[in-house]
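Please take some time with the sequence and the structure shown here before reading on. The paragraphs after them are meant as a guided walk for someone who has not met this structure before.

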Amino acid sequence: MSDYTIAVNYAMFFFMITMFIEWLSSKFLKQKVYNLPDTISSISSGMTNNLKSILKLTVVIISYQWMYEHFAVFDIEASWWVYIIAFIGIDFANYWTHRWNHEFNILWNRHIIHHSSEEYNLACALRQSISSIIQIYFFLYIPLAVIGIPGKVMSILLPLHLFAQFWYHTRLINKMGFLEKIIVTPSHHRVHHAVNDIYIDKNYSAIFIFWDFIFGTFQAELKNEPPVYGIKKPANTWNPIIINFMHLFQLFEDAFRTKKWKDKFRIWFMPTGWRPNDVENKYPIILANIENKKKYKTSTTTFLNLWSSLQLLIHLGMQFHIIYLISYLDISTNSTYGIFSAFEILILYGLFFVSSIAAFTSLMDNSYHSLIIETLKNIIGFSLLIYFPEVLNIYRDIEIPFVLPVLYLIISQSITVYFIIKFSKDKKLSFSL
């Protein structure tokens, strides 16, 4: 099991506990900071990103270790000052990674999911991308490789640097005095997540706020300008899979529709939001009204809320189960089970996991497509149970009784059908993605 996978195991427990504490604090302070469908969507998004990472479904063009072995000028051993230099270097690279993701059309799709929540809480910090399947910013770490920062140092610091960005996604902490000049605080990051004109594309820093001071992208949170959260073109869905690819789909659509060949090419590399004139005039996009913004809301019932919450808990369990199966199925040696390898079994499980999340979050959208996705998910689920019974193992020689996942698949399908019929009768059924 990789260091990152072990870190994810512990981090998820920590994240859940701190979100619960934030929720309790918000009740005590009488501030509504959580919306159930939004929270379920956020946590579900985080789980899909974790799945991508633990199954290593990312194309690494050039690894840091390769750069270290070929470019290192000095041979230095890990010590406290090496960790400090490396951490600052990672933070500098993160600033530019983050900034470029905001500034170019083709890169915005890698980051849109993180900004898609119309709430601002610890749960929205978990909205991480599954669409960024290619690591393209390796060159930003070349200076660290050149001076000889060991790969082991980077493997320890990179997940720590990522997890350290979690805590400031909250509305419950106000400005923090002199720390506002040194580190990124909740106030700084509230600005970054806001769509108010004065706040757009500001405060890109991850840990140290001085990068924004240096490169001219700092904006303080103003008392007379409360942040409005979300994205300019509202996602209008709880389905994190759709949100992950909605901007990319729009780019392909605009590139196809525009008549100018020049625009078909340059649309990908223009500033985020740029569209060809002929497409913009014929197919205008309705942007959010900041002055009177209405948050996305769908029809729901107590039963649907309870079912969606139960689905979330089941999928949290599935995530830890997948992490366990990585070692149980001996993925490192590419062992085979029947005609399939351990990795292929895990990929199929991953498809089941992602389609299941897409299904129950689309059901929260009151979307007819939830029934289609649910049916596909159950086909995959039954195939796993029949052809790869190894997935029922949960600990050494302990297995989940075959009847339990079968019952789950049948109940899940039945409940989806029930709500599709109900929303159809109530004329609240959506046929859009």
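What follows is an explanation in running paragraphs, which goes from one residue or element to the next.

It should be said at the outset that this is a predicted model.

A place to begin is the loop between α1 (3–29) and α2 (36–54), where V33 is found. With a relative accessibility of 1%, V33 counts as buried, because buried means under 20% relative accessible area. Once its neighbours within four places in sequence are left aside, V33 is in contact with S26, E119, N121, R171 and L172. One of these residues, N121, stands 88 residues from V33 in sequence, and yet the two lie 6.4 Å apart in space, taken from C-alpha to C-alpha.

From this loop the reader can move on into helix α2, which is the place of S42. The relative accessibility of S42 is 0%, and S42 therefore counts as buried. If residues up to four places away in sequence are not counted, S42 touches A123, C124, L126 and R127.

The next stop is the loop between α9 (186–193) and α10, in which D201 has its place, and in which N203 is found as well. D201 is a residue other than glycine, and its phi nevertheless has a positive value, near 60°. N203 is not a glycine either, although its phi is positive at about 55°. Are these residues buried or partly exposed? D201 counts as partly exposed, with a relative accessibility of 35%, whereas N203, at 1%, counts as buried.

The aromatic residues offer another way into the structure, which holds 32 aromatic pairs. In one of them, the rings of F92 and W211 have their centres 5.2 Å apart and their planes at 65°, so the pair is edge-to-face, a term that applies to planes over 60 degrees apart. This pair links distant parts of the chain, since F92 belongs to helix α4 (residues 80–103) and W211 to helix α10 (residues 210–215), with their positions 119 residues apart in the count. As for accessibility, F92 is partly exposed, with a relative accessible area of 31%, while W211 counts as buried at 10% relative accessibility.

Aromatic rings also appear together with charged residues. R257 lies over the face of Y283, at 3.7 Å from the ring centre. K264, in turn, lies over the face of W261, and here the distance from the ring centre is 5.4 Å.

The last stop is a pair of helices, α16 (residues 369–387) and α17 (residues 403–425), which pack at an angle of about 170° and have their axes 10 Å apart. That angle makes α16 roughly antiparallel to α17, because angles over 145 degrees are counted in this way. Which residues make the contact between α16 and α17? On the side of α16 they are S370, L371, E374, T375, K377, N378, G381, F382 and L385, and on the side of α17 they are P405, V406, Y408, L409, I410, S412, Q413, T416, V417 and I420. Sorted by class, the contact of α16 with α17 has 10 nonpolar, 7 polar and 2 charged residues.

Definitions and conventions
Residues are numbered from 1 along each chain as its sequence is written. This is a predicted model: local features need pLDDT of at least 70, side-chain atom pairs count only at pLDDT 80 or more; totals for chains, interfaces and linings use all residues. Side-chain values use heavy atoms; hydrogens and water are left out. Axes are lines fitted to C-alpha atoms, for helices over the stretch in contact, and angles run from 0 to 180 degrees between N-to-C directions. Helices (H or I, at least four residues) and strands (E, at least two) are DSSP runs, numbered from the N terminus. Angles under 35 degrees count as roughly parallel, over 145 as roughly antiparallel, 65 to 115 as roughly perpendicular and the rest as oblique. Contact means heavy atoms within 4.5 Å. Ala, Val, Leu, Ile, Met, Phe, Trp, Tyr, Cys and Pro count as nonpolar, Asp, Glu, Lys and Arg as charged, and the others, Gly among them, as polar. Rings of Phe, Tyr and Trp (its six-membered ring) pair if their centres lie within 6.5 Å; planes under 30 degrees apart count as stacked, over 60 as edge-to-face and the rest as tilted. Buried means under 20% relative accessible area, exposed over 50%, partly exposed in between (1.4 Å probe, protein chains only). A charge sits over a ring if NZ of Lys or CZ of Arg is within 6 Å of the ring centre and within 35 degrees of the ring normal.
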